[in-house]
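Me: Please show me the model, and then let us go through some points about it.

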Amino acid sequence: MTVRYDDLAVEWLGYATARVSAGGPVVYTDPGRYGVLDDYWARDGDVVLVTHDHHYDPAGIRSVADADATLVIYEGVEPDRIGRDVEPIEALAADYDVVRVDDEARVDVETDDGTVPVWTVAAHNEPDGPCASDDGTVPHPEGFGCGFLFSVGDRTVLWPGDGDALDALAELDVSVLLANIGGGGIVSDRHAAADLAERMAPDLVVPIHYDAFDDLEADAEAFAADVAARSIPVALDERSVDG
């Protein structure tokens, strides 16, 4: 299914990949990996957002990006250190407009259907947080990645990226929260994500980034019930989970 909120459409394709549009420019978050884009070749994305190494998948990018797409890629993404066989960013830059950003950037992406403002936000695990080991080691240290806040139509959408449910995120003006609920000692779990949603008070919450592999198993229905009990509208797109 596709989640619809007035003229906004959100389709979760699996893992961290969401397609977001409002009748104009199409935005994709972190496309690919773990088979979520097998047999998917839309190539309709005007803006493609990549938060960090774990979500860098050039094959996924090429399956969603329009020929004139802009790829907004966090500056810390380094294909040479990724333990997978991936294209260098320079190869993508030969075919698309690539913009590298830090976690305090704003980019106004011009498309044929209008401008898409994109802001980056910090995304990491705290060394004393729920995903930290006893020595403070975390899977997503500060500076490893970012999240993205972007505007389509008259709605702002937040994909917070991989990390904890950081307090600063609650201060953002967000219409739709793509809630990261996978937990597993990797990212925020459904309880922390529900707490964040309550503090943020968006118009709609859509959970993503769960059930891609065992460590990310999460009860999305329980999350939705928890969020709804806090008087926050929430919708599930379970098609990508069920296949």
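Me: Which side chain of opposite charge is nearest to D164?

Reply: The model is predicted, so to speak of local features a pLDDT of at least 70 is needed, side-chain atom pairs count only at pLDDT 80 or more, and totals for chains, interfaces and linings use all residues. Residues are numbered from 1 along each chain as its sequence is written, and side-chain values use heavy atoms, without hydrogens and water. D164 is buried (under 20% relative accessible area, 1.4 Å probe, protein chains only) and has no salt bridge (a side-chain nitrogen of Lys or Arg within 4 Å of a carboxyl oxygen of Asp or Glu). With Lys and Arg counted as positive, Asp and Glu as negative, and His and the chain ends not counted, the nearest side chain of opposite charge is 10 Å away and belongs to R199.

Me: Which backbone nitrogen does the side chain of D164 reach?

Reply: D164 is found in the loop between strand 11 (155-159) and strand 12 (176-180); strands are DSSP runs of E, at least two residues, numbered from the N terminus. Leaving aside neighbours within four places in sequence, its contacts (heavy atoms within 4.5 Å) include H124, N125 and G129. At 2.6 Å, the side chain reaches the backbone nitrogen of E126.

Me: What is the order of the open sheet of six strands?

Reply: Two strands pair if DSSP finds at least two bridges between them. Strand 9 (residues 114-123) and strand 10 (residues 145-152) are antiparallel over six bridges. The pairing in the sheet is mixed, and the order is 8-9-10-11-12-13.

Methods:
Helix = DSSP H or I, 4+ residues; strand = E, 2+ residues; numbered from the N terminus. Buried < 20%, exposed > 50% of the residue type's maximum accessible area, 1.4 Å probe, protein only. Polar contact = N/O pair within 3.5 Å; in protein donor to acceptor, adjacent residues only side chain to side chain.
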